[in-house]
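The following exercises are to be solved with the sequence and the coordinates at hand. Each task is followed by a solution in steps.

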Amino acid sequence: MSETKTVRAGNSAKTMSVVQIALFAAVIVIMAFTPFLGFIPLGFTRATIIHIPVIIGSILFGPVQGAVLGFVFGLTSFVNATMNPTVTSFVFTPFYSVGDIHGGFGSLIICFVPRILTGVVPYYVYRLFDKIGKNYPKKQTLALGMAGLTGSLTNTLLVMNFIYVLFGESYAAVQNVSVKSLYGVILSVILVNGIPEAIVAVCVVTLVTRTLLHIKFVRR
């Protein structure tokens, strides 16, 4: 009898985990396809806050589930870039072009790899700071804040540097700048987009995740 109860409890926990991941994935999709909610158009590019549920999911559920949520994030980027493109959308999808400039396999790398890692890195950063800050009275706040910061920067820094490495000349052409000055443009995007995104991520991830952990949204 006890063995049966254990199996049922295990199945119930697995079902709850699947439901929770599906809920977070649904939030990502809703944010991605609701105008001005997940992707904020800035003309030359789009700022995003969709990385936030990915980071929170990584901390709550672990790196594998976080990677799945990151893949969903990447998939929404791919669909948006294909169906609702801006001038630089070729770096996120091989199915969009600007004149002779077009995406390719590198577009898929940019679209998915940084997003997937955004769902992996925060888990380990949270665990690291939770461990090394064990004598610090506000260790959880520190750990969550650092996870939010590194998760957001993982997305921004990898996306922009992959663009520079994989599509440098093409990106410079559509931005109407020289290749020599391109990295200055890359840095400006990191500063203009990445820093505000990181600040928002630190605040929201800390507040929301701390609340979810307090109400035992997921078992530890």
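**Exercise 1. Cysteines**

Classify Cys-203 by its relative accessibility, and state how many disulfides the structure holds.

Solution. The model is a predicted one. Step 1: the relative accessibility of Cys-203 is 42%, which lies between the limits of 20% and 50%, so Cys-203 counts as partly exposed. Step 2: Cys-111, in contrast, has a relative accessible area of 0% and is buried. Step 3: a disulfide requires two cysteine sulfur atoms within 2.5 Å, and the structure holds zero disulfides.

**Exercise 2. Aromatic pairs**

Determine the geometry of the ring pairs Phe-71 with Phe-112 and Phe-78 with Phe-95, and locate their members in the chain.

Solution. Step 1: searching the whole structure yields seven aromatic pairs. Step 2: among them is the pair of Phe-71 and Phe-112, with ring centres 5.1 Å apart; the planes meet at 25°, under the limit of 30 degrees, so this pair is stacked. Step 3: Phe-71 belongs to helix H3 (residues 63–83) and Phe-112 to helix H4 (residues 105–118), so the pair links distant parts of the chain, 41 residues apart. Step 4: Phe-71 is partly exposed at 40% relative accessible area, whereas Phe-112 is buried at 14%.

Step 5: for Phe-78 and Phe-95 the ring centres are 6.0 Å apart and the planes stand at 70°, over the limit of 60 degrees, so the pair is edge-to-face. Step 6: Phe-78 lies in helix H3, while Phe-95 lies in the loop between H3 and strand E3 (97–98); the pair therefore ties together parts 17 residues apart in sequence. Step 7: Phe-78 has 16% relative accessibility and counts as buried, but Phe-95, at 60%, is exposed. Step 8: Phe-71, Phe-78, Phe-95 and Phe-112 form one aromatic cluster.

**Exercise 3. Two helices and their spans**

Compare the end-to-end distances of H6 and H7 with the expected values, and find where each helix bends.

Solution. Step 1: H6 (residues 139–175) contains 37 residues, and a straight helix would reach 54 Å at 1.5 Å a residue. Its end C-alpha atoms are only 43 Å apart, short of that value. Step 2: a kink of about 105° is centred on Phe-167 in H6. Step 3: just after H6, Asn-176 adopts a positive phi of about 60°.

Step 4: H7 has 33 residues and spans 46 Å from first to last C-alpha, close to the expected 48 Å. Step 5: at Gly-194, H7 bends by about 30°, with Pro-196 following within four residues. Step 6: Lys-216, which follows H7, has a positive phi near 55°.

**Exercise 4. The largest nonpolar core**

Identify the helix that gives the most residues to the largest nonpolar core.

Solution. Step 1: this core has 26 residues, and those with the most contacts inside it include Phe-24, Ile-28, Leu-69 and Tyr-126. Step 2: at least two core residues are supplied by each of helix H1 (2–33), helix H2 (51–61), H3, H6 and helix H7 (182–214). Step 3: H2 gives the most, with seven residues.

**Exercise 5. A loop lysine**

Decide whether Lys-134 is buried or exposed.

Solution. Step 1: Lys-134 is placed in the loop between helix H5 (121–132) and H6. Step 2: its relative accessibility is 62%, over the limit of 50%, so Lys-134 counts as exposed.

Key: Residues are numbered from 1 along each chain as its sequence is written. This is a predicted model: local features need pLDDT of at least 70, side-chain atom pairs count only at pLDDT 80 or more; totals for chains, interfaces and linings use all residues. Side-chain values use heavy atoms; hydrogens and water are left out. Rings of Phe, Tyr and Trp (its six-membered ring) pair if their centres lie within 6.5 Å; planes under 30 degrees apart count as stacked, over 60 as edge-to-face and the rest as tilted. Buried means under 20% relative accessible area, exposed over 50%, partly exposed in between (1.4 Å probe, protein chains only). The expected span of a helix is 1.5 Å times one less than its number of residues. The bend at a residue is the angle between axes fitted to the seven residues ending there and the seven starting there. A nonpolar core is a set of buried Ala, Val, Leu, Ile, Met, Phe, Trp, Tyr and Cys residues joined through side-chain atoms within 4.5 Å.
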